[in-house]
Amino acid sequence: MSECIHCEIHDVLESRLEAEDANIAEIAAKVTEVLADIILMVPPADRGMLIADILANLGQFVLEKNEEAMEQAGAGPRRLGH
Ligand SMILES: [Zn+2]
């Protein structure tokens, strides 16, 4: 079992994402639903800032991981991790 929650989630989703008929949008929606559950765990007054934080992180991760993928282009497929 990994110590990183991000890697643990990847392990759980791996077989679903690699399935031939994988519905990526549906899987992403389920992962997003977890974020909704987490947002509702904080007091209503804190939800706006948490949502802003989640969106900022999402943009940052996409940009960083895309850059990593570009740098590794040509080196063969490899899953981006930590
Ligand atoms: Zn990780």
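Here are some questions and answers on the helices and exposure of this predicted model.

Residues are counted from 1 along each chain as its sequence is written. As this is a predicted model, local features need pLDDT of at least 70 and side-chain atom pairs count only at pLDDT 80 or more, while totals for chains, interfaces and linings use all residues.

Q: What makes up the fold, going by helices and strands?
A: Helices (H or I, at least four residues) and strands (E, at least two) are DSSP runs, numbered from the N terminus. By that rule there are three helices and zero strands in the protein, and the pattern along the sequence reads α-α-α.

Q: Why is Met 49 called exposed?
A: A residue is buried if 20 or more other C-beta atoms lie within 10 Å of its own, exposed if 12 or fewer, and partly exposed in between, with C-beta atoms placed from the backbone. Met 49 has 10 other C-beta atoms within 10 Å, so it counts as exposed. Met 49 belongs to helix H3 (residues 44-72), and its C-alpha is 9.8 Å from that of Ile 39, 10 residues apart in sequence.

Q: What makes Ala 28 exposed?
A: Ala 28, in helix H2, has 12 other C-beta atoms within 10 Å, so exposed it is. Leu 17 is 11 residues apart from Ala 28 in sequence, and their C-alpha atoms are 9.9 Å apart.

Q: How do you know that H2 lies largely in the open?
A: Of its 16 residues, the number buried is zero, so that's the verdict. H3 gets that verdict too, because zero of its 29 residues are buried. H1 is hardly covered, with a buried count of zero among its 14 residues. For the protein's 82 residues, the buried share is 0%.

Q: How do you know that the span of H2 agrees with its number of residues?
A: The expected span is 1.5 Å times one less than the number of residues. For the 16 residues of H2 (residues 24-39) that should give 22 Å, and the end C-alpha atoms are 23 Å apart, which agrees.

Q: What about the span of H3?
A: Its 29 residues should span 42 Å, and the end C-alpha atoms are 42 Å apart, so it agrees. After H3 comes Gly 74, with a positive phi near 95°.

Q: Where is the kink in H1 centred?
A: On Val 12, with a kink of about 40°; the bend at a residue is the angle between axes fitted to the seven residues ending there and the seven starting there. As for span, the 14 residues of H1 (residues 5-18) should cover 20 Å, and the end C-alpha atoms are 20 Å apart, which agrees.
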